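Notebook open, structure loaded. I want to go from one strand outwards to its sheet, then to the charged pairs, then to the whole chain.

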Amino acid sequence: NLAETEQVVPVVQIIRKTLGIKDTNITFENRITEEDIKGAKHLIYYGKLTYTPKGCQNCGVKNSSHADIVKNGTKASTIKLTQIGFKPVLLKLKKQRFLCKHCSSTFIAKTNLVNRHCFISNHIKAAISMELREEQSMTLIAKHMNVSTSTVIRQLIQVGEGLRPKYNSLPEHLCIDEFKSVKNVSGAMSFLFLDAVTHKLMDIVENRQRHYLFDYFMRYSLKARRQVKTVTMDMYSPYISLVEACFPNAEIIIDRFHIVQHLNRALNQVRIQTMKKIRNTSPTDYRKLKKLWKMILIDEMDLNHTDYFTHRLFGGMVTEYIMVQYLVALSPELLATYILVNRLKWALKNRDFERFTGILVESKKQRYPRKVRTVLQTLERYIEPISNAFTYSLSNGPIEGVNNKIKNIKRSGYGYRNFEHLRYRALISFTLTKNNRKPKPLYFKKQTGKVS
């Protein structure tokens, strides 16, 4: 018979498990009430905290005979707990007061449920810390937890202070970048860096200016700075001089995405110049260049050569390759730039650095628009850091994802006025979250003539 084998659980244990209270010194009364507080219905539990103390908290005398310290009434306190059925829960707890016969002083019983002089339980504080990882405003977190926004901010500062860097070690591989943070920062641009292998956010620096970053990294010891082997970045010249000054053993890697971005921007600018020239003479081709600008930026090898279809801007059946060839042929400058950009992108994609440098040398013998020539000169200036992009598989992809999440955190809170609050939110979001990523190879390997 199931009824005979069932265990009868006391009401006190049911309440303790329901509320998540593990302190066995707290006993509960067999009653629950419901009260309307500030327009919201609250569930009220009643309990008492008492135990036999081992000694006096003031003078330190041991309670050996159990007569040195005696009970001396109780002190009532109301503690905020979790929610049950979307109703906030309060615990009206009577804390035992003790009297020491030696020093005639009194003290109150302690519990790990709540800190001293505090009425918000540690369960709520832990839940607030977990909620701070998500992309939501602190006002919304306060509403969910039935606390004030100031309480959430205090918990943010408390947890964030514990996540500050210790300035004692640095990872071997770094990613660095900047993002727009708060208005009161100089230039409104802040600096962040993370571990390029584990994607762990190391820290966020308020200012991205070189002298400010130099003073920041000098807080680390020379031994820690010498551990850095590579730094992945974009083509921002102050960062290059910063890395050379702070990390003597580090190799600079220019992110491959930014190389392609520079090439595509040059191609796009030549397309716009071509559009301006033919706007009045050939409005039909002008519309084609304007509407199909994304197709021109696609790698030539990735265009569809076989599938024919109809397009409203073209007569007859066409493919993507035919459309692009028609568009780039509208101007000799556009055609020459298109061929050059695709050759450079092909060499970058296939990790052929000799071919990449050879194309740059050949480009000096031909005439290109000024904006294209500026991009080619930029690539030649950073040719040594670019060469490392052909060897290492590291990129700035992880840090771009971090930037995107920080922007979402800012957007959810309608912006931040305090830089430290934004910094703590980012550290909590990326430090308290479990990272199950497997480390990827650091180098590209060629096997059977193909790049792995």
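Before I start: I call a residue buried when its relative accessible area is under 20%, exposed when it is over 50%, and partly exposed in between. I also keep in mind that this is a predicted model.

**Entry 1: strand S6**

I began with S6, residues 173-180. How many of its eight residues are buried? I got seven, so by the under-20% cut-off the strand is mostly covered.

Next I looked up the neighbours of S6. On S7 (residues 189-195) I found seven bridges, and the two strands run antiparallel. With S9 (residues 230-233) the pairing is parallel, over three bridges. Leu174 is a handy residue to click on: its bridge partner in S7 is Asp195, and its bridge partner in S9 is Val231.

A reminder to myself for looking at side chains here: in a regular strand they alternate between the two faces of the sheet.

**Entry 2: the sheet around it**

What is the strand order of the sheet? I read S8-S7-S6-S9-S10, an open sheet of five strands with mixed pairing. S8 (201-205) and S10 (251-254) stand at the edges; each has a single partner strand, so one side of each is left without a neighbour in the sheet. On average, neighbouring strands of this sheet are turned by 25 degrees against each other, with direction ignored.

I then checked the S8 end. S7 and S8 run antiparallel and are joined by four bridges. One pair I noted there is Phe191 with its bridge partner Val205 in S8. Helix H18 (residues 419-431) packs on the sheet and touches S6, S7 and S8. Its direction makes about 170 degrees with that of S8.

**Entry 3: salt bridges**

Side chains of opposite charge can pair when their charged atoms come close. My search of the whole structure gave 14 salt bridges. I wrote down three of them, including their exposure.

- Arg31 pairs with Glu29, with the closest N and O atoms 2.8 Å apart. Arg31 is partly exposed at 42% relative accessibility, and Glu29 is partly exposed at 31%.
- Arg164 pairs with Glu161, with the closest N and O atoms 3.1 Å apart. Arg164 is partly exposed at 27%, and Glu161 is partly exposed at 38%.
- Glu178 pairs with Arg208 at 3.8 Å, N to O.

Where do Glu178 and Arg208 lie? Glu178 is in S6 and Arg208 is in the loop between S8 and helix H6 (210-217), so this pair ties together parts that are 30 residues apart in sequence. Buried or partly exposed, for each partner? Glu178 counts as buried at 15% relative accessibility, while Arg208 counts as partly exposed at 23%.

I also followed shared partners. Glu161, Arg164, Asp203, Glu420 and Arg423 are joined by salt bridges into one network.

**Entry 4: the whole chain**

Last, I zoomed out. I count 18 helices and 14 strands in the chain. What is the radius of gyration of the chain? I get 33 Å, whereas a compact globule of 452 residues would have one near 22 Å. The C-alpha atoms fill a box of roughly 100 × 55 × 50 Å along the principal axes.

Of the 452 residues, 42% count as buried. The accessible surface comes to about 25,600 Å², and 51% of that belongs to carbon and sulfur atoms. Among contacts between residues at least 6 apart in sequence, 58% join residues at least 24 apart.

Technical notes
Residues are numbered from 1 along each chain as its sequence is written. This is a predicted model: local features need pLDDT of at least 70, side-chain atom pairs count only at pLDDT 80 or more; totals for chains, interfaces and linings use all residues. Side-chain values use heavy atoms; hydrogens and water are left out. Buried means under 20% relative accessible area, exposed over 50%, partly exposed in between (1.4 Å probe, protein chains only). Two strands pair if DSSP finds at least two bridges between them. Axes are lines fitted to C-alpha atoms, for helices over the stretch in contact, and angles run from 0 to 180 degrees between N-to-C directions. Contact means heavy atoms within 4.5 Å. A salt bridge is a side-chain nitrogen of Lys or Arg within 4 Å of a carboxyl oxygen of Asp or Glu. The radius of gyration is taken over C-alpha atoms; the globule rule is 2.2 Å times the number of residues to the power 0.38. Accessible areas come from the Shrake-Rupley method with a 1.4 Å probe; for residues, only the protein chains shown count as cover.
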